[in-house]
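Let's walk through this structure together, from its overall build to a few residues that deserve a second look. Keep the 3D view open beside you as you read.

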Amino acid sequence: MISLLSMSTSAASGCLIPSGATVRSALRCNATSSSSYVEQLKSAREDIKVLLDTKYCHPILVRLGWHDAGTYNKDIQEWPQRGGANGSLRFEAELKHAANAGLINALKLVQPIKDDHPDVTYADLFQLASATSIELAGGTKIPMKYGRLDVSSPTQCPEEGRLPDAGPPSPADHLRTVFYRMGLDDKEIVALSGAHTLGRSRPERSGWGKPHTKYTKDGPGAPGGQSWTVQWLKFDNSYFKDIKEQRDEDLLVLPTDAILFDDPTFKQYAEKYAEDQDVFFNDYAEAHAKLSNLGAKFDPPEGFSLDDTPAKGLPEKFVAAKYSSGKRELSDSMKQKIRAEYEAVGGSPDKPLPTNYFLNITYILYRYVSYGSDCNIKSC
Ligand code: HEM
């Protein structure tokens, strides 16, 4: 098997073509015109937006882009041996690296978009999905460019061990070793760590985090895990505020997060980002764009810009019920009231009572509003 998903190789071009795709798959290797490629990218971006609106998978798509790019080694000149944003993460050989546990689910989410836009390379698709996720979560607009080429074989995947550990003996030294190897500096380490404002850690994947917390037990998406922030689908500077305070046991602080307020140089940036979201957004956007280009080989070398990407997304109030149902909002106080009524008669809103008509109607409403839509891909 070439990759975890069904792929075949075009004898003529050497390009990987998803089974069932047309010969257009090979065009990116040959002569896809610039305007047609930009149109494909824009169309793929629309599909990513729909995916995000239905699956709430922003965090795992950000992680997908980061883990494809973050294998870059600036001391190796040759492409693709130098690693980086080259689509190698689609191959089983790399997906099974311990650091990538769970990312097969991100690949499954974006593969249908790849199938519908065969000219768009995986390398571009992963970075497009990540940047779009940040923007749609209310984050900053990232000055992206596209045109990355894909590696064509799992033999071109980087060796395991290029991504950071969450609990190394000396977290500051470790972060510097790993990120300096990518050509990134202290400011960029701290800014990029702020991506943990999104998402959760799951013990069954990385080994870090609680199985669930009060912020994750109901999803949205697959319930569970431990988030760094309360509103973990909203991109803002709360990561820095929360790890500075470390007051909420339901919020995660990895050793590599805690060090951002202990190391004197990291701390200057972390304090600034906790105070001023605009400064964080500016630094994050620059660092994210740089990360997304690491190791990439662009065709044409200057890349393509999707200039008319929507301006900075407006931060939206996070309402879990809204995200999980997509239908209607039930306020937290209303949920608590319903729960209290059930508990008063010895029941719970998670199960209907055989005899109470009023509460059973309330139960139906509660289930409808809280769990109205399902995220049938368990990982997002
Ligand atoms: C600084 C070193 C870093 C370490 C040690 C680290 C470690 C981790 C760990 C252990 C998880 C939990 C994975 C799981 O259990 O599913 C995680 C999740 C995540 N990481 Fe990082 N990470 C780092 C940097 C970054 C960077 C630079 C980005 C993006 C720019 C990023 C974005 C994310 C996101 C969005 C998630 C949530 C994924 C989800 O909810 O599915 N991380 N990271």
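In this predicted model, the protein is built from 14 helices and four strands. Of its 380 residues, 44% count as buried. Much of the fold brings together parts of the chain that are far apart in sequence: among contacts with a separation of 6 or more, 72% are between residues 24 or more positions apart.

Before going further, a word on confidence. The average pLDDT of the protein is 83, and 72% of the residues score at least 70. Two stretches call for care. Over residues 319–331 pLDDT stays under 50, although the model has 30 contacts beyond four places in sequence for them. Over residues 361–379 pLDDT also stays under 50, and here the model has 39 such contacts. Where pLDDT is low, the predicted coordinates should not be read in detail.

Now turn to the interior. Which residues have the most contacts inside the largest nonpolar core? That core has 76 residues, and the ones with the most contacts inside it are Leu64, Ala106, Leu125, Leu128, Ala129, Val190 and Ala270. Helix H5 (residues 122–136) gives the largest share of this core, with eight residues. The core lies between domain 1 (7–162) and domain 2 (171–284), because both domains give residues to it. To see some of the packing up close, you can zoom in on Ala129. Leaving aside neighbours within four places in sequence, Ala129 is in contact with Ile48, Leu61, Leu64, Gly65 and Val110. Leu64 thus appears in two roles, as a contact of Ala129 and as one of the residues with the most contacts inside the core.

The ligand is the next stop. It is surrounded by 23 residues, and the closest are Pro59, Ala195, Gly199, Ser201 and Ser206. Three elements give two or more residues to this shell: helix H2 (58–69), helix H7 (186–193) and strand S3 (200–201). H2 provides the largest share, five residues. What classes of residue make up the shell around the ligand? There are twelve nonpolar, seven polar and four charged residues. Where does the shell lie with respect to the domains? Domain 1 (7–162) and domain 2 (171–284) both give residues to the shell, so it lies between them.

Let's follow the chain from H1 towards H2. Thr54 lies in helix H1 (residues 34–55). Is Thr54 buried or exposed? Thr54 counts as exposed, because it has 12 C-beta neighbours inside 10 Å. Thr54 also has a partner far along the chain: Gly221 is 167 residues away in sequence, but the two C-alpha atoms are 9.1 Å apart in space. Tyr56 is found in the loop between H1 and H2. Tyr56 is buried, because 22 other C-beta atoms lie within 10 Å. Its backbone is worth a look too, since phi of Tyr56 is positive, about 55°, although Tyr56 is not a glycine.

A second residue with this backbone feature is Gln246, with a positive phi near 45°. Gln246 sits in the loop between helix H8 (238–245) and helix H9 (255–258). With 12 C-beta neighbours inside 10 Å, Gln246 counts as exposed. Most residues other than glycine have a negative phi, and most peptide bonds are trans.

That brings us to the cis peptide bonds. One joins Gly219 and Pro220, with omega about 5°. Pro220 has its place in the loop between S3 and strand S4 (226–227). Another cis bond runs from Asp299 to Pro300, and its omega is near 5°. Pro300 belongs to the loop between helix H11 (277–293) and helix H12 (320–325).

Finally, visit Ala99, in the loop between helix H3 (92–95) and helix H4 (103–116). With 19 C-beta neighbours inside 10 Å, Ala99 counts as partly exposed; the cut-off for buried is 20 or more. Beyond its neighbours within four places in sequence, Ala99 is in contact with His67 and Leu163. Ala99 and Leu163 are 64 residues apart in sequence, with their C-alpha atoms 6.9 Å apart in space.

Notes: Residues numbered from 1 in each chain as written. Predicted model: local features only at pLDDT ≥ 70, side-chain atom pairs only at ≥ 80, totals over all residues. Core = buried A, V, L, I, M, F, W, Y, C linked by C-beta atoms within 7 Å. Domains from an automatic or database assignment. Contact = placed C-beta atoms within 7 Å. Near = placed C-beta within 6 Å. Nonpolar A, V, L, I, M, F, W, Y, C, P; charged D, E, K, R; others polar. pLDDT = per-residue confidence, 0-100.
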